[in-house]
Amino acid sequence: MELASAQSPIDNLSDSKGNGKLQDKQSPFKNATINFINMCQSSNSTRYNIKRTSDKLGFRQRRFYDVVNTLETIGCCPKVDADTFIWLGFDQVRTAIDRMAKERGVYMENFSLEEIFPTDGPISIQRITEEFLLLFIALESTTINILEASAFLSRDTEREKTTRCKLYQVAAILEIAGVVKKTDKQSEFSLVPDNFISATEKITGKSRDPTSLGFLLNRSTPFMEVEVCPIIKSRRSEYISIQESSEISEPQTTPEEY
């Protein structure tokens, strides 16, 4: 098994003024998560016991399971049993997202959002991680707003608050891992370009020219408007209609722990 690179996506994290590491300026949860990733990336060991690692890093064990389950979903640390995981690093994140998209039918030209994101079943951290990332791909969107995502994923249920809290938690972990980035808008995150996959290209089998003027001009907009196939437009309309029928309001604060 090939060991993960010692270079971590969080090695260059700094504050908004570029003044060095974020440790000691973040919540205990974020600091512990940063320390966990750094430890795994720099260690010669690849096999870890969840309880012992949690105790060593000062995690509340339940929260540590959430971190492990989130990172396992994106291919970083598959569990070999209930108490043990293997650290593989971040090389397979895009592959994991692609696999999830295929399994959910994101690349099927007749699959609506409701078919890709059903509302039945438990709301696990793994499920929220998967659905948060797949919204970027299914909508071909450069950004996702947590409040809009929670309204959509919990539609026709009474689980919006639970979904929203778990989305914030997952987004915080994925941001530390370098998979998504917080934008300057409240509750909004962008998917790191290296992890973005064009559903239109997968569906049509045609690649966009990344140097074309239209592509470059639309790169910074939430919805990519260049050569989007009909099913993507339909999914966007479906997504927007949910927002219009929901009462979405900004929370006073995001969950302090994250």
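In this predicted model, helices α1 and α3 are oblique to each other, because their axes cross at roughly 50°, an angle that lies outside the ranges counted as roughly parallel, perpendicular or antiparallel. Helix α1 spans residues 28-42 and helix α3 spans residues 61-73, and their axes come within 11 Å.

**Overall architecture**

The protein has eleven helices and six strands. Of its 258 residues, 51% count as buried. Among contacts with a separation of 6 or more, 63% are accounted for by residues 24 or more positions apart.

**Packing of α1 and α2 against α3**

The crossing in which α1 passes α3 is right-handed. On the α1 side, the contact is made by Phe 29, Thr 33, Phe 36 and Ile 37; on the α3 side, by Arg 63, Phe 64, Val 67, Val 68 and Leu 71. By class, the residues of this contact divide into seven nonpolar, one polar and one charged.

Helix α3 also packs against helix α2, which covers residues 50-57. The axes of α2 and α3 come within 10 Å and cross at roughly 115°. The pair is therefore classed as roughly perpendicular, since that class runs from 65 to 115 degrees. The crossing of α2 and α3 is right-handed. Ile 50, Lys 51, Thr 53, Ser 54 and Leu 57 of α2 form this contact with Gln 61, Phe 64, Tyr 65 and Val 68 of α3. By class, the contact of α2 with α3 has five nonpolar, three polar and one charged residues. Phe 64 and Val 68 of α3 take part in the contact with α1 and also in the contact with α2.

**A link from strand β3 to α2**

Thr 84 lies in strand β3, which comprises residues 84-86. The C-alpha atoms of Thr 84 and Ile 50 are 5.7 Å apart, although the two residues are 34 positions apart in sequence. Beyond its neighbours within four places in sequence, Thr 84 is in contact with Arg 47, Tyr 48, Ile 50 and Lys 79. Ile 50 also belongs to the α2 side of the contact with α3.

**A residue of helix α8**

Gln 169 is found in helix α8, which runs over residues 160-176. Its C-alpha atom is separated by 9.4 Å from that of Thr 129, a residue 40 positions away along the chain.

**Cysteines and burial**

A disulfide is a covalent bond between the sulfur atoms of two cysteines. With a cut-off of 2.5 Å between cysteine sulfur atoms, the count of disulfides is zero. Cys 40 is in no disulfide, and the nearest cysteine sulfur, that of Cys 77, is 7.4 Å away. Cys 40 falls within the residue range of α1.

The following residues are classed as buried, because the relative accessible area of each is under 20%.

| Residue | Relative accessible area |
|---|---|
| Cys 40 | 2% |
| Gln 169 | 4% |
| Cys 229 | 7% |
| Thr 84 | 11% |

Gln 169 in α8 is thus a buried residue within a helix, whereas Thr 84 is a buried residue within a strand.

Notes:
Residues are numbered from 1 along each chain as its sequence is written. This is a predicted model: local features need pLDDT of at least 70, side-chain atom pairs count only at pLDDT 80 or more; totals for chains, interfaces and linings use all residues. Side-chain values use heavy atoms; hydrogens and water are left out. Axes are lines fitted to C-alpha atoms, for helices over the stretch in contact, and angles run from 0 to 180 degrees between N-to-C directions. Helices (H or I, at least four residues) and strands (E, at least two) are DSSP runs, numbered from the N terminus. Angles under 35 degrees count as roughly parallel, over 145 as roughly antiparallel, 65 to 115 as roughly perpendicular and the rest as oblique. A crossing is left-handed if the near helix is turned anticlockwise from the far one by less than a right angle, and right-handed if clockwise. Contact means heavy atoms within 4.5 Å. Ala, Val, Leu, Ile, Met, Phe, Trp, Tyr, Cys and Pro count as nonpolar, Asp, Glu, Lys and Arg as charged, and the others, Gly among them, as polar. Buried means under 20% relative accessible area, exposed over 50%, partly exposed in between (1.4 Å probe, protein chains only).
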